[in-house]
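This report describes how a protein and DNA are placed against each other. Please view the sequence and the structure together before reading on.

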Number of protein chains: 2
Amino acid sequence: MFDTAFPAENARSHLAPAALRIVDAVLDALSDRNLPAGGKLGEELLARLFETSRTTVRQALQHLRFLGIVDIEPNRGASIARPTARMAADLYAARRAIEAQTVADAARYCTANDMRTMLAHIERQDAAATAKNRRELVRLRGEFHLVIAEIGGNAVLCHLLSQILPRCALIRALADPQPFTKRQIDEHRTLAQLIARGDAKKAIALMQSHLQINERQLGFSGDDQARVNNVDVWLGAYARPQAAKRQA
Amino acid sequence: MFDTAFPAENARSHLAPAALRIVDAVLDALSDRNLPAGGKLGEELLARLFETSRTTVRQALQHLRFLGIVDIEPNRGASIARPTARMAADLYAARRAIEAQTVADAARYCTANDMRTMLAHIERQDAAATAKNRRELVRLRGEFHLVIAEIGGNAVLCHLLSQILPRCALIRALADPQPFTKRQIDEHRTLAQLIARGDAKKAIALMQSHLQINERQLGFSGDDQARVNNVDVWLGAYARPQAAKRQA
DNA sequence: CGCCGCCACTTTGTATACAATAGCGTCTTT
DNA sequence: AAAGACGCTATTGTATACAAAGTGGCGGCG
């Protein structure tokens, strides 16, 4: 479905396959809520886990830093970002600003084929929700917003959105108590219809409320430090490609 | 003026000093319009020019790729991005979406001290314009928008803006025929006043027109391939820190 | 004479080795 | 016994060496 023209893939295309595996492993672990906030990501350790060199690991860490998933302090190394409530609010405010535009563009330029793409994607969301495949569902929910941005056709907005979506996923993994809900998929479906109809005004309004509802679900009460902090424990399962594939 | 809290600096803080020098050299060359679009940036060459290793060069190139200043093709290396008219339109559309929000936030949260910061910054813009210091003026014009975003207080929007501003600078360096104009600084001054007054509505409107005027000035008529393509020629002057300092 | 294939060279990608820095424990001194 | 300073260890930062891939030129063949 997503060929080389897909902006999110485009942004990753330059990465070495090995580095990409590490990035995906971290993102997968994030979707599964197996991320210890503030957990340290030693280069040597990752190199051993993924059977590659530190050079490649550093590539991956740089990319994750760019996505806001890890913090890198000079001479201190990388650790999982510890997003604050303020950061979450900023992030969602930014999303509202960006996605208001992507939705408007999508409503303007949506073709019949685009509508089919959206519906097919929503089908996959439904399937993932039915199968209670949390990781896939988290991935698809974010990806759907990218699909809309792609229909809008603004490559820059696509790129920006693909950057901040993983951070939203991180925040939700740490602070969202409600994993499975069909309502969001229903909102996606309604959104798709409004876009296909070209009703930009209503589509924007729905997107805004859709995002605000998501944001309000966040609660920063949970003490994230309570999670496992042994990175090799929680990342170990994601290191081997076959292990990751098997779960998916 | 800008301490560690400044988002743009924050995003660069992790880079090695040597890598930062390379990034700044490219950005300076860009401000001076000494950038051959599509020009190849060989790693070995840069390593020799900046008297460092290819490891550091690669770091800098990765960062420039993040900023959209260079394209990196696998096994082909890095080259200066060749932005299209479409890309420019997308970029400015994204800026309008983002800066509408930053201006609104700034108008809401602007303090007396923030106003002084803006005015002081505008003073520097005036000084650079009077001194016909093109590089400094280009830098300050972009930075002013970041100052506004900083006043707004949304770190994510600051970060996103700091990412796309260099690309705007690249596009203007390649396609903007009008280097020196005081009108933009006047607009900045008016914008500052509206923000300080808390008039979000008018401030947003002015920002939109400000950006649209800038965008309309762009003309993609010039054949950029006509420029020098010998990277060592145009970057040589920026390689040595003292050389760059001397011009500034 | 033109085109196709092969070989050499150039350039990038990856891994490893070395250097520098921060954190931490211990030892000494007051 | 407590506090400070020194040195050790663990981890990151940087450079170099080796491997792989791509590009261009040369020679043979049609």
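## Surroundings of DNA strand D

In this predicted model, 17 residues surround DNA strand D, and those that come nearest are A:R54, A:R58, B:S53, B:T55 and B:T56. The residues of this surface comprise nine polar, six charged and two nonpolar ones. Two helices each supply at least two residues of the surface near DNA strand D, namely α4 (54-66) of chain A and α4 (54-66) of chain B. Of the elements, α4(B) gives the most, with three residues.

Sugar or phosphate accounts for 67% of the atoms of DNA strand D within 4 Å of the protein, and bases account for the rest. Several side chains can be placed against phosphate oxygens of this strand. The side chain of A:R58 has an N or O atom 2.8 Å from a phosphate oxygen of DNA strand D. For B:T56, a polar side-chain atom lies 2.9 Å from a phosphate oxygen of the strand. A:K40 likewise has a polar side-chain atom 3.3 Å from a phosphate oxygen of DNA strand D.

## Surroundings of DNA strand C

DNA strand C has 17 residues around it, of which A:S53, A:T55, A:T56, B:R54 and B:R58 come nearest. Of the atoms of DNA strand C within 4 Å of the protein, 67% are from sugar or phosphate, while the rest are from bases. By class, the surface near DNA strand C holds two nonpolar, six charged and nine polar residues.

Chain A offers several side chains to the phosphates of this strand. An N or O atom in the side chain of A:T56 is 2.9 Å from a phosphate oxygen of DNA strand C. For A:T52, the distance from a side-chain N or O atom to a phosphate oxygen of the strand is 3.1 Å. A distance of 3.1 Å also separates a phosphate oxygen of DNA strand C from an N or O atom in the side chain of A:R76. The elements that give two or more residues to the surface near DNA strand C are α4 of chain A and α4 of chain B. The largest share, three residues, comes from α4(A).

## A hairpin in chain A

Strand β2 of chain A covers residues 70-73, and strand β3 of chain A covers residues 77-80. The two strands pair in the antiparallel sense over four bridges. In one of these pairings, A:E73 has A:G77 in β3(A) as its bridge partner.

Together, β2(A) and β3(A) form a hairpin with three residues between them. Within the turn, A:N75 has a positive phi of about 65 degrees. A:R76, whose side chain has an N or O atom 3.1 Å from a phosphate oxygen of DNA strand C, was described above.

## The cavity

A search of the whole structure finds one cavity of 30 Å³ or more. The largest cavity has a volume of about 40 Å³. The lining consists of A:Q62 and A:R65 from chain A, together with B:H14, B:L15, B:Q59, B:Q62, B:H63 and B:F66 from chain B.

Two elements give two or more residues to this lining: α4 of chain A and α4 of chain B. The largest share of the lining, four residues, comes from α4(B). By class, the lining of the largest cavity divides into five polar residues, two nonpolar residues and one charged residue.

How values were computed
Residues numbered from 1 in each chain as written. Chains lettered and ligands numbered in written order. Predicted model: local features only at pLDDT ≥ 70, side-chain atom pairs only at ≥ 80, totals over all residues. Heavy atoms only, no water. Near = heavy atom within 4 Å. Polar contact = N/O pair within 3.5 Å; in protein donor to acceptor, adjacent residues only side chain to side chain. Nonpolar A, V, L, I, M, F, W, Y, C, P; charged D, E, K, R; others polar. Pairing = 2+ DSSP bridges. 1 Å grid on protein atoms, 1.4 Å probe; cavity = no way out; pocket = protein on both sides within 12 Å on 5 of 7 lines; lining within 4 Å. Points joined across faces, edges and corners; volume = space filled by probe spheres on them.
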